[in-house]
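Student: I am new to this structure and would like to understand the terms used to describe it. May I put some questions to you?

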Amino acid sequence: MKNVVVTGGTKGIGKAIINQFNERGYQIITCSRTAEDCKAIEAEMSNLKAFQTDMSKKEEVLRFGQQVKDHFNQIDILINNAGIFIPGLSSEEEDGALEAMIETNLYSAYYLTRSLLEHIPENKASHIFNMCSIASIMAYPNGGSYSISKFALYGYTKVLREELKPKGIKVTAILPGATWSNSWKGVDLPEDRLMQADDVAKSIVVASDLSASAVIEEIVLRPQLGDL
Ligand SMILES: NC(=O)c1ccc[n+]([C@@H]2O[C@H](COP(=O)([O-])OP(=O)(O)OC[C@H]3O[C@@H](n4cnc5c(N)ncnc54)[C@H](OP(=O)(O)O)[C@@H]3O)[C@@H](O)[C@H]2O)c1
């Protein structure tokens with residue numbers, strides 16, 4: 001039985017990833033800030049535990065890491081997915097936007113990975129995925145501090161890849177473009193202009209399925225018609 005940890009798995013891309021691994025019989029642990037959503041997803045899947053956690057707070061990330069270690073003796077796949085998007089210009093966005101997004105989008109992955117690494121087996125095709133973004137490689141209007149935080153997460157992913165290469169732990173950066181989720185709710189665009197969360201989830205499953213001697217270092221996904 002294989003174990004997967006997905007942060008921010010109650011909605012959007014994280015939920016789609018969980019559905020994919022659930023179909024493949026994995027044991028799953030996830031988290032989100034909303035207690036009712038954690039209860040609801042636990043009720044949906046008997047092989048899943050969900051812990052209410054604010055991943056922007058170091059002490060809560062470390063508590064979540066301990067809860068994972070209490071339940072899983074090893075972690076085969078860790079997917080650092082939790083993230084927030086606050087649009088704005090870096091020159092005009094509200095004070096604190098940069099801090100909020102660095103804490104949620106970067107520090108969360110850094111602290112959780114450090115906390116779980118000792119439980120991620122070496123040379124067993126185990127795998128860490130970080131949910132970066134097209135905003136990790138290009139700036140765009142109103143991207144502001146979101147883009148800064150995602151560039152930083154992408155940088156962290158490259159560092160991890162180098163550090164874990166000799167240990168036989170795979171590291172992959174996922175860089176999706178616009179994907180239907182809460183962030184895009186109410187946007188007046190045809191359904192097929194954006195990607196589906198399940199498209200991103202399926203790409204992770206494919207990458208996780210290679211032999212121990214191969215790693216997909218980066219997955220860049222865009223809507224067929226390109227960026228918005
Ligand atoms: N959608 C896109 O177009 C797109 C494109 C590129 C990259 N991404 C990235 O993909 C990831 C998922 O985004 P999404 O679009 O699927 O967003 P979403 O639908 O808003 O889902 C985000 C998930 O993360 C949880 N979450 C948010 N902040 C959290 C926190 N501080 N602590 C714990 N859980 C938290 C949310 O639950 P609660 O709100 O209940 O905490 C929810 O389960 C993010 O890292 C995002 O930057 C998205």
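Student: Which residues come nearest to the ligand?

Tutor: Thr10, Arg33, Thr34, Tyr146 and Ser181 come nearest, of the 31 residues around the ligand. A residue is near a molecule if one of its heavy atoms lies within 4 Å of it. This is a predicted model, in which local features need pLDDT of at least 70 and side-chain atom pairs count only at pLDDT 80 or more, while totals for chains, interfaces and linings use all residues. Residues are numbered from 1 along each chain as its sequence is written, and side-chain values use heavy atoms, with hydrogens and water left out.

Student: What makes the approach of Lys150 to the ligand a polar contact?

Tutor: A polar contact is a pair of N or O atoms within 3.5 Å; within protein, one must be able to donate a hydrogen and the other to accept it, and residues adjacent in sequence count only if both atoms are side-chain atoms. A polar side-chain atom of Lys150 lies 2.9 Å from an oxygen atom of the ligand, so the pair qualifies. A polar side-chain atom of Ser32 lies 3.4 Å from a ligand oxygen atom, and a backbone N or O atom of Ile13 lies 2.8 Å from one. Taken alone, the ligand exposes 880 Å², of which the protein buries 94%; accessible areas come from the Shrake-Rupley method with a 1.4 Å probe, and for residues only the protein chains shown count as cover.

Student: Which elements supply residues to the shell around the ligand, and how do those residues divide?

Tutor: Helices (H or I, at least four residues) and strands (E, at least two) are DSSP runs, numbered from the N terminus. α1 (12–23) and α5 (144–164) each supply at least two residues of the shell. The shell divides into 10 nonpolar, 17 polar and 4 charged residues. Ala, Val, Leu, Ile, Met, Phe, Trp, Tyr, Cys and Pro count as nonpolar, Asp, Glu, Lys and Arg as charged, and the others, Gly among them, as polar.

Student: Why is Ser126 called buried?

Tutor: Buried means under 20% relative accessible area, exposed over 50%, and partly exposed in between (1.4 Å probe, protein chains only). Ser126 has 2% relative accessibility and therefore counts as buried. Ser126 is found in the loop between α4 and β5, and its side chain reaches the backbone oxygen of Pro121 at 2.4 Å.

Student: Why is Cys132 buried or exposed?

Tutor: Cys132 is buried, because its relative accessible area is 2%. Cys132 lies in the loop between β5 and α5.

Student: What is noted about the phi of Asn123, and why is Asn123 called exposed?

Tutor: Asn123 has a positive phi of about 55° although it is not a glycine. Most residues other than glycine have a negative phi. Asn123 lies in the loop between α4 (97–116) and β5 (127–131). Its relative accessibility is 56%, so Asn123 counts as exposed.

Student: What makes Asn142 partly exposed?

Tutor: Asn142 has a relative accessible area of 40%, which means that Asn142 is partly exposed. Asn142 lies in the loop between β5 and α5 and has a positive phi of about 70°, although it is not a glycine.

Student: Where is Glu218 found, and how do you know that Glu218 is partly exposed?

Tutor: Glu218 is found in strand β7 (residues 218–221). Its relative accessible area is 35%, so Glu218 is partly exposed. Glu218 and Phe129 are 89 residues apart in sequence and 9.4 Å apart in space, C-alpha to C-alpha.
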